[in-house]
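Have a look at the structure below before reading on. The notes after it go through one chain and then the contact between the two.

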Amino acid sequence: MSEPVAWLTIFVLSVAVGIEVIAKVSSTLHTPLMSGANAIHGVILLGAVIVTGTTESTLALVVGLVAIVLAAVNMAGGFVVTDRMLRMFGRRRRPRSEQEAGR
Amino acid sequence: MTPTWAQLVYLACAVGFILALKGLAGPRTARAGNLIGAGAAVVAVAMPFLYLDLDHVPLILAAIAVGSLVGVLGAQRVQMTQMPQMVALFNGVGGGAAALVALMELEHMGAATPGFDLAATGFTVAVGAVSFAGSAITFAKLQELMTSRPVVFPGLPVLFGLALVAAVVLAVLVVRDPSVPLGVALALVGLLLGVLLVLPVGGADVPIVISLLNAFTGLTVAAGGYVLGNVVLLVAGTLVGASGTFLTLLMARAMGRSVTSILFGALRGGSTLGAGVASDRPVRSGGPEDVAIALGYAERVIVVPGYGLAVAQAQHTLREIVDLLAERGVRVDYAIHPVAGRMPGHMNVLLAEAQVPYEQLVEMGDINPEFRHTDVVLVVGANDVVNPAARTTPSAPIYGMPILDVDQARQVVFLKRSMRPGFAGIDNELLFDPRTTLLFGDAKESLAKLLAALKAL
């Protein structure tokens, strides 16, 4: 298998997996799921670190550091805000009170 | 070349992201899924420090610290009502970062670089810029830094078309003769495209656009991963791109909308928020005192909160009214439509924040049989989710969308800003029903007046 085809294979399989794992999500979870997926693409931070750490020019270094800051905001902020949302969901998942049982 | 052990760790991180998404899709596993994703991301980011001989390490670490601090503080301080724009902001900076990374890669590329690598780089630059600018506009709309109504000006479709052509031409030029100035030009056109793409979208549909831009950013990260030869970026980006696209379609379907009509509806003069014309058919409008009497002497009341309530930030006043009614012995519940607030699950979060007890929030399937025994239904800032046209009019854009059966109640009170149709842009027959009373005005002001009138009863 040639290298581009290997990459294409990974891509196509990832598309299939990406759709399959969220296929049965309930609508109450749409917002946190979107937010969590948003945090995951913050891993571009990894790419930003690699290109910044291997550059020689000062301009590229500055651009790279800006990219690192932006990507870190995406990643750290994304996971924290998702957790905040999900905490609120958890709190409301207590058993229903006697008022409900009395209906 | 990446050492084998590092490649295996990257593979483990990629599996971690799959498990994270899988977890996020289930109510019991969602929090664990998010934590797995965060763990995988941290490990992945630590990797290059371990196997690469990086320069500028102190500066890089400082930049990571600054970005993380800003992100975490923002995420902790943001009000829950402002959460959608926070997600938009995080998504936008991610797209911007991907575009910048691709621009830096372009510097090392030349005639010897394979065409597909260059195409992927051009794609990342352009789409990353679209995502950055588009997210900035969605942020401005949701934060009310600008009007949340569709912004359409003559020539917008032409300008959009020209920018699209320019982007394609520039991308082809980048592939044929890679240079950083060309890449910068491509990024600028991408920014313009992002602005033009989101301007015509109404505020109510913006969450769907955030989801779409989120998928865009995922794909740019995937393309960036291909260019850098990094598996974890490719897998993570592709996962987000695929699941984000699918989620966008799911959200649109839950709202009875199609993605194309959301993006281009306003351009066609079609059916986005504000595009509809106010009807001049006669309706019965009442004052706060009339409504207070109807509510105060009812036995059973159901409140239907909607996007208008969230926009007016009136959920606290609403809770006070419901508490007052409960003190008077009225049985009150909130009926929660799955897409109430136009952000699926958003209304539950908003009302939980206003300290509405969980027991009072009743989902559509459980509350629908109750409406026929209900004296008064109070609809606050909702329209399409109670529009009987979804059941009765096959030609309506929302036909087939599950709705709350408010029309079966003995009396219905609508709190509305104006007679403008809902987001779907169609008349609601229920507004003209003899059992319906309308209370016009800003939801927060109307509710405050209603509260005062109730206290005076």
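Why do the end C-alpha atoms of helix H9 of chain B lie as far apart as they do? This is a predicted model, and the helix makes an easy check to start with. H9(B) covers residues 231-254, so at 1.5 Å a residue its 24 residues should span 34 Å. The end C-alpha atoms are 34 Å apart, which agrees. H9(B) is also mostly covered, with 21 of its 24 residues buried.

Now step back to chain B as a whole. Its secondary structure comes to 17 helices and six strands. The radius of gyration is 25 Å and the globule rule gives 23 Å for 457 residues; the two are close, so chain B is as compact as a globular protein of that length. If you drew a box around the C-alpha atoms of chain B along the principal axes, you would get roughly 80 × 45 × 35 Å. Of the 457 residues, 56% count as buried. Among contacts in chain B with a separation of 6 or more, 78% are between residues 24 or more positions apart.

Next comes the sheet. Six strands of chain B make an open, parallel sheet, and the order is E3-E2-E1-E4-E5-E6. Strands E3 (361-363) and E6 (436-440) of chain B each have a single partner strand, so one side of each has no neighbour in the sheet. On average, neighbouring strands here are turned by 25 degrees against each other, direction ignored.

Zoom in on E1(B) and E4(B), residues 300-305 and 376-380: they pair in the parallel sense over five bridges. Ile302(B) stands opposite Val377(B) in E4(B). Helix H13 of chain B (residues 315-327) lies across E1, E2 (331-336) and E4 of chain B, and runs at about 170 degrees to E1(B).

Finally, how do the two chains meet? Here 78 residues of chain A are in contact with 94 residues of chain B. On the chain A side, five helices each supply at least two residues:

| Helix of chain A | Residues |
|---|---|
| H1(A) | 3-21 |
| H2(A) | 30-40 |
| H3(A) | 44-53 |
| H4(A) | 58-91 |
| H5(A) | 98-101 |

H4(A) gives the largest share of that side, 29 residues. By residue type, the side of chain A that touches chain B divides into 45 nonpolar, 25 polar and eight charged residues.

Note on methods: Residues are numbered from 1 along each chain as its sequence is written. Chains are lettered from A and ligands numbered from 1 in the order in which they are written. This is a predicted model: local features need pLDDT of at least 70, side-chain atom pairs count only at pLDDT 80 or more; totals for chains, interfaces and linings use all residues. Two residues are in contact if their C-beta atoms, placed from the backbone, lie within 7 Å. Helices (H or I, at least four residues) and strands (E, at least two) are DSSP runs, numbered from the N terminus. Ala, Val, Leu, Ile, Met, Phe, Trp, Tyr, Cys and Pro count as nonpolar, Asp, Glu, Lys and Arg as charged, and the others, Gly among them, as polar. The expected span of a helix is 1.5 Å times one less than its number of residues. A residue is buried if 20 or more other C-beta atoms lie within 10 Å of its own, exposed if 12 or fewer, and partly exposed in between; C-beta atoms are placed from the backbone. Two strands pair if DSSP finds at least two bridges between them. Axes are lines fitted to C-alpha atoms, for helices over the stretch in contact, and angles run from 0 to 180 degrees between N-to-C directions. The radius of gyration is taken over C-alpha atoms; the globule rule is 2.2 Å times the number of residues to the power 0.38.
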